[in-house]
Every structure is written in C-alpha cells, then in structure tokens.
Amino acid sequence: MPEEFFLSFLKKEQIAKDTYAFYFSREKSDFDFIAGQYIRITLPVEPSHLFSIASSPLEKGYIRIITRITGSPFKNALLTLTPNSEVKIFGPIGRFTLQDEEKEYVFLAGGIGITPFVSIIEYAAAKNLTVPITLFTSFSTVEETIFHKEFLEIAKAHPNIKIIHTITQLESAVLWNGEKGRISPELIKKYVSDPLLPLYYIAGPPKMVEAMERIVKAMSVSNDKIKKENFIGY
C-alpha cells in the first residue's frame, strides 16, 4: 500500500540535454517498491508531480528520478534542492511492473518515458533474470538520449536483453551508429522474431503512447497484451 515518506535529497546530475537525475536517500526509511512503479513528490511551490522511479529496488541506498527541466516552478525547485533537504513523497504507486517473469516483454518508450524501464532493466540485470526483454526507445536527437551507454553494457552482459535506441531528427544523427527514424512495425519485427508473442509496455507522452498503441494493434497484438503509461506535463 502506498504511504507518505520523507526522504533526504542527496544530489543531482545532468545526464542528457536538459535532463537531470535526482537522488533521494532511502537508507533511513523503510520505503520499498517494485521495479516500474512511481511516486508523487510534493514541493512547496505548486501541486505535486508524479515521477517513475528510475532505479532498481535492489539499490537500497537511494531512489532516483529522471526528468527534463522545462523551466516550470516545480522543476526549478527540484534544481535548487540542497543536500539533506527533506522531500515528501507518496508511494509506491502503479502496476507497470513485470507481471510474469516467464513471459517475453517488448518495451516502447518515447523520450522521458524510458524511466520506468530503467528501473525494470537494471533490476532484471542485477537479478540475472532470463526473461526476454527488448527495449525500443525513441529520442529526437542524440544529445537527448538517456542511459544509452549504460544499457548497451547491460545488453552485452545479458543476451536476453536487447536495447534499440532510434533517433528521429536525422540531421542530428550523422555520426549515430544506431537506428534512425520513428519506431515502426518494421523496426519491431527486425528485432522481435514473433511479434504476437510478447507483452507490450508503452510509456511516454500521450500522443506517442497513442501512436505506439496503433502500431502494436496494427500488428494484430491483442488488447490484453498491451499496458500503457502516459507521461503528462513533461
């Protein structure tokens, strides 16, 4: 059951263009969660915001969130947090988690929608799960990509995990060695041998989620194999 907790802010780090990771200590708290869940963070500047936890539950020292900095009062308040500041969170919330470790999964992420999959993939790798996971993640430019190198290292060590980053603004991808263009049925079929077999998890801005759902349904994937999470206000 979700509860209210007060966690101490540890640090922030810039990980991509306009994108930061924020770390909060869980060492003195009994807060726990399942990979893929999210929390609500309350700051004194405006209404609370929801954030996916972008760290593995096996990492007992901290939880991490990742967000784009948009210039809003809330995001600016995040940027100005000082170490040891106490932040109110409510959670964990959500069922965007591995429901069955015997199933195959395809994750489709647009931009910051990658964050719940960071948690799930780090957890799966640390636990040496053999569940087949293929992550397709789309960013506008190379500078906006998140966890590209880290995920490639995980995939190299865990053959059951595939990571496919694709860049949509081709003029920014001149030196990019990965896929280019939007996520499409053709791209999915290139890396997924039987597209009707996996469970599909889709996360990102609402328009992206709608587009990805249309693509998946166009491949004749049934509704009961599709799970969605909309990221609003990013």
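Which residues does Phe-231 touch, not counting residues up to four places away in sequence? The list runs to Ser-52, Ile-112, Gly-113, Thr-115, Pro-116, Ala-203, Gly-204, Pro-205 and Pro-206, with contact taken as heavy atoms within 4.5 Å. Phe-231 itself sits in the segment after β12 (226-230) and is buried, at a relative accessible area of 6%. Here, buried means under 20% relative accessible area, exposed means over 50%, and partly exposed covers what is in between (1.4 Å probe, protein chains only). From Phe-231 to Ile-161 it is 70 residues in sequence and 24 Å in space, C-alpha to C-alpha.

A word on the model. It is a predicted one, in which local features need pLDDT of at least 70 and side-chain atom pairs count only at pLDDT 80 or more, while totals for chains, interfaces and linings use all residues. Residues are numbered from 1 along each chain as its sequence is written, and side-chain values use heavy atoms, with hydrogens and water left out. The predictor's confidence in each residue, pLDDT, goes from 0 to 100; the chain averages 92, and 98% of the residues score at least 70. Among the elements of the chain, strand β2 (residues 19-25) has the highest mean pLDDT, 97, and strand β4 (residues 46-52) the lowest, 88. Helices (H or I, at least four residues) and strands (E, at least two) are DSSP runs, numbered from the N terminus.

Now to the antiparallel sheet. Six strands make up an open sheet with antiparallel pairing, in the order β4-β3-β6-β1-β2-β5; two strands pair if DSSP finds at least two bridges between them. At the edges are β4 and β5 (62-68), each of which pairs on one side only. On average, neighbouring strands of this sheet are turned by 40 degrees against each other, direction ignored. The axes behind such angles are lines fitted to C-alpha atoms, for helices over the stretch in contact, and angles run from 0 to 180 degrees between N-to-C directions. Strand β1 (residues 3-16) and strand β6 (residues 86-93) run antiparallel and are joined by six bridges, with Phe-5 having Ile-89 as its bridge partner in β6.

Out on β5 is Ile-65, which is buried, with a relative accessible area of 0%. Leaving aside neighbours within four places in sequence, its contacts include Tyr-20, Phe-22, Phe-24, Ile-39, Phe-51 and Leu-78. Ile-65 and Thr-141 are 76 residues apart in sequence, and 21 Å separates them in space, C-alpha to C-alpha.

Then there is β8 (residues 133-139). Seven of its seven residues are buried, so β8 is largely enclosed by the rest of the structure. In a regular strand the side chains alternate between the two faces of the sheet. In β8, Ile-133, Leu-135, Thr-137 and Phe-139 point one way and Thr-134, Phe-136 and Ser-138 the other. Strand β7 (residues 105-110) runs parallel to β8, with six bridges between them, and Phe-107 stands opposite Leu-135. Between β7 and β8 the chain passes through helix α2 (residues 115-126), and this β-α-β crossover is right-handed, meaning that, with the strands pointing away from the viewer, the path from the first strand over the helix to the second runs clockwise. Strand β9 (residues 161-167) also pairs with β8 in the parallel sense, over seven bridges, and Lys-162 in β9 stands opposite Thr-134. Helix α3 (residues 148-157) completes a right-handed β-α-β unit with β8 and β9.

Within β8, Thr-137 has 0% relative accessibility and so counts as buried. Apart from neighbours within four places in sequence, Thr-137 contacts Ala-109, Ile-114, Ile-164, His-165, Thr-166 and Ile-183.

Finally, the aromatics. Rings of Phe, Tyr and Trp (its six-membered ring) pair if their centres lie within 6.5 Å; planes under 30 degrees apart count as stacked, over 60 as edge-to-face and the rest as tilted. The count comes to 15 aromatic pairs. One of them, Phe-9 with Phe-22, is tilted, at 6.5 Å centre to centre and 45 degrees between the planes. Phe-9 lies in strand β1 and Phe-22 in strand β2, so the pair ties together parts 13 residues apart in sequence. Phe-9 is buried at 2%, and Phe-22 is buried at 0%. Tyr-105 and Tyr-201 form an edge-to-face pair, 5.4 Å centre to centre with 90 degrees between the planes. That pair links distant parts of the chain, with Tyr-105 in β7 and Tyr-201 in strand β11 (residues 199-204), 96 residues apart. Both tyrosines, Tyr-105 and Tyr-201, are buried, and ring pairs link them with Phe-96, Phe-107 and Phe-117 into a cluster.
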